[in-house]
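This report describes selected side-chain interactions and solvent exposure in one protein chain. Salt bridges are taken up at the outset, followed by aromatic contacts, a covered helix and several individual sites.

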Amino acid sequence: MSKPGEGAPYSPERFRALVYRERPYFFNGLRNTLADLQSIARTYAALQKYEVTLSALKSITQLLGGYLRIRDGDLMMPSSIDAMVGSTEFEFDTVLTETLEGISALHKAAIGRNDLQLSQQIIDTLEYLALQSVTIKSLFALPDENPTTAFIRAYMFGTIQEGAIRGLDDVTMGGARAQSNIAKALLRRHQYLTVGTTIGDLEKLAHFGIIQRKAHVTGAPVRGIAEILQLALSEPVPERHTIRSALLALQRICEAELQFKSPTFDQSLRFALGAFLDLTQPTALANLEGAAIRALSSALEEGNLPRADAYRKAIRNLNDHLWQILVAIGIAAAKTESFALFDINANIAALVKYCIWLLGLLNKTEAEAVDQSSAHERRLSERFADEILNDMEWVVGATYWRIVDALKPPINIHTVWDFFPTLSHIGIQALDARVPSLAESAISELKSISLKAIENVVPLETAARIATFIARIGIVAQKIGEQQVFSLSVAALKDFQKRYLAKQEEIEPGAETYDATLLNELEDLKSELQKQQSLIDEEDASFFRQVTPEDIDSFVAHL
């Protein structure tokens with residue numbers, strides 16, 4: 001990229017940049033005023049006169065904000081390409097650099113003496129300045145980056161990181177909130193490269209909280225990244241790397257935090273990771289998917305096809321290889337038998353519920369191909385529906401058994417018991433929505449886990465209780481005439497019974513009789529069905545409210 005004086009025609013911005021570079025004394029008055037304000041801040045900081053330091057810092061931001069607006073379009077800041085392959089002699093704006101150096105030195109001194117009030121004032125000052133710079137164009141910037149904001153943010157993060165190292169919680173948390181606000185402002189301006197580096201810095205702050213075992217400190221940057229992800233899905237952002245970067249950062253944070261075993265009923269995990277995993281919070285993973293799906297529904301109802309296509313891309317980017325992220329977090333949680341296993345299961349259940357609803361919506365709103373435009377829209381909708389179904393098949397069919405496999409022996413199956421009614425409920429929902437392949441994925445997971453439970457879980461009868469959740473899907477499939485799912489469930493249960501009997505013979509060779517535990521468990525289902533069911537949960541309701549004892553008997557007859 002050519003620079004002023006290198007043979008390229010001068011634009012007004014290039015001409016102004018050249019003039020200011022050759023005549024730096026134009027801004028001597030501003031430099032002197034900024035230096036005086038910094039001197040005032042230093043002097044009164046030592047006296048803990050915070051109202052004076054606040055006034056001085058506000059004045060600095062107002063002056064620098066005005067300076068940036070004047071230099072809009074001609075500010076000399078190196079781009080990312082310059083940093084990678086350009087000249088090693090970078091040209092930084094001298095007014096901005098000198099001021100940031102002074103503020104950074106003041107912040108380091110404040111952190112050195114644990115002056116949290118002054119530190120927060122400086123963080124607020126740099127945050128305000130960074131937000132002001134988001135709309136400012138530098139001379140050589142690429143369209144999807146903001147070198148000026150990145151420059152200010154780098155000075156800001158350096159001292160925040162120093163505060164985190166020293167264990168100053170207020171500095172770390174205040175810095176995380178400020179960095180998140182800057183990233184969201186950048187995202188709204190589609191400056192994705194600078195957003196990506198901000199996500200990376202927030203992840204570093206989260207790891208300081210993990211190392212120091214301070215859940216509230218970890219939670220601040222986790223919430224910041226989750227809010228960036230929320231904005232990326234609600235805008236929506238047409239560029240996939242921001243969504244992917246946020247998801248991977250949250251995955252790594254979760255894996256690191258879940259290495260540590262939490263005491264029973266301890267709330268630290270909720271403080272640390274709740275912003276991403278706790279369904280009671282709007283930024284939880286499944287809630288973000290649900291919000292994006294509702295926004296897509298609104299766009300389709302309004303006939304806003306460009307907006308609908310943008311939401312389709314955002315949802316596709318969120319779901320792409322999402323099962324791998326869930327597996328990674330789940331395996332980390334399984335190794336410490338963490339309560340996060342409940343959160344992961346709850347998120348998967350909600351994700352699948354939202355996506356099943358979306359598939360129904362897409363089927364109802366499918367455009368009639370009357371011309372080229374409507375035919376194209378129909379193809380997009382059909383392809384999107386296929387991708388949603390494929391992603392959910394992976395989420396359902398590739399996560400649970402891997403997580404259960406990661407449990408350390410002796411396996412406490414109660415830590416993952418919620419998995420089984422959830423899988424059964426998913427299968428029944430899929431049957432009701434006429435999405436049999438998803439029900440087949442649920443059966444496959446339950447079969448895999450129940451067979452492994454025969455070998456690894458005590459008592460042996462537990463494996464049969466897991467297998468009954470396969471029967472629930474099969475009974476509903478038989479009732480509604482979904483023959484393929486019915487046949488798959490029967491075959492799975494026959495395989496289970498064969499392995500179960502073999503295990504019984506191994507434990508008690510030569511016994512006269514062996515318990516038909518699975519059939520006994522299915523008989524118990526009839527007893528449960530005949531009881532008062534007014535207080536059953538959603539998973540049980542999806543089964544008990546649409547079958548009869550005769551349906552269960554009819555199914556058992558095929559085993």
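In this predicted model, R465 and E521 are joined through their side chains by a salt bridge, with an N to O distance of 3.8 Å. R465 belongs to helix α21 (residues 461–480) and E521 to helix α23 (residues 517–530), so the salt bridge ties together parts that are 56 residues apart in sequence. The two partners fall into separate exposure classes: R465 is partly exposed, because its relative accessible area is 32%, and E521 is buried, because its value of 17% is under the 20% limit.

Helix α23 also supplies K526, which meets D553 of helix α25 (residues 549–556) across 27 residues of sequence. The side chains of K526 and D553 form a salt bridge with an N to O distance of 2.8 Å. Here K526 is buried at 13% relative accessible area, whereas D553 is partly exposed at 37%. Elsewhere, R71, D74 and D93 are connected into one network by salt bridges that share partners.

A further salt bridge pairs D115 with R113, whose closest N and O atoms are 3.7 Å apart. D115 counts as buried because its relative accessibility is 6%, and R113 is partly exposed with a relative accessible area of 41%. In general, side chains of opposite charge can pair when their charged atoms come close. The structure as a whole holds 25 salt bridges, including the three tabulated below.

| Salt bridge | N to O distance | Relative accessible area of each partner |
|---|---|---|
| R465–E521 | 3.8 Å | R465 32%, E521 17% |
| K526–D553 | 2.8 Å | K526 13%, D553 37% |
| D115–R113 | 3.7 Å | D115 6%, R113 41% |

Aromatic contacts are considered next. A search of the whole structure returns 10 aromatic pairs. One of them is formed by W323 and W394, whose ring centres are 4.9 Å apart; their planes meet at 20°, so the pair is stacked. This pair links distant parts of the chain, with W323 in helix α15 (residues 322–335) and W394 in helix α17 (residues 372–397), 71 residues apart. W323 is buried at 14% relative accessible area, while W394 counts as partly exposed at 40%.

The rings of W417 and F420 are arranged otherwise: with centres 5.1 Å apart, their planes lie at 85°, so the pair is edge-to-face. W417 is partly exposed, with a relative accessible area of 23%, and F420 is buried, at 0%. Together with F469, W417 and F420 make up one aromatic cluster. A ring also takes part in a contact with a charged residue: R213 lies over the face of F260, at 4.0 Å from the ring centre.

Helix α12 (residues 268–277) is mostly covered, with seven of its 10 residues buried. The buried residues are L269, A272, L273, G274, A275, F276 and L277. They pack against α10 (215–234), α11 (240–257), α13 (285–302), α15 and α16. Helix α15 thus appears both among the packing partners of α12 and as the location of W323.

Helix α16 (residues 340–364), another packing partner of α12, contains N363. N363 is exposed, because its relative accessible area of 58% is over the 50% limit. The C-alpha atoms of N363 and R312 are separated by 15 Å, and these residues are 51 positions apart along the chain.

S104, in helix α5 (residues 94–112), is buried with a relative accessible area of 10%. With residues up to four places away in sequence left out, S104 touches Y155 and T159.

Finally, L47 is located in the loop between α2 (28–46) and α3 (50–70). What exposure class does L47 have at 53% relative accessibility? L47 counts as exposed, because its 53% is over the 50% limit. L47 joins I40 and Y44 in a nonpolar patch on the surface, and the accessible area of the three together is about 260 Å².

Technical notes:
Residues numbered from 1 in each chain as written. Predicted model: local features only at pLDDT ≥ 70, side-chain atom pairs only at ≥ 80, totals over all residues. Heavy atoms only, no water. Patch = residues over 30% accessible without salt bridge, like charges linked within 9 Å, V, L, I, M, F, W, Y side chains within 5 Å. Areas by Shrake-Rupley, 256 points an atom, 1.4 Å probe, with all protein chains shown as cover. Salt bridge = Lys/Arg side-chain N within 4 Å of Asp/Glu carboxyl O. Helix = DSSP H or I, 4+ residues; strand = E, 2+ residues; numbered from the N terminus. Buried < 20%, exposed > 50% of the residue type's maximum accessible area, 1.4 Å probe, protein only. Phe/Tyr/Trp six-rings, centres within 6.5 Å; stacked < 30°, edge-to-face > 60°. Lys NZ or Arg CZ within 6 Å of the ring centre and 35° of its normal. Contact = heavy atoms within 4.5 Å.
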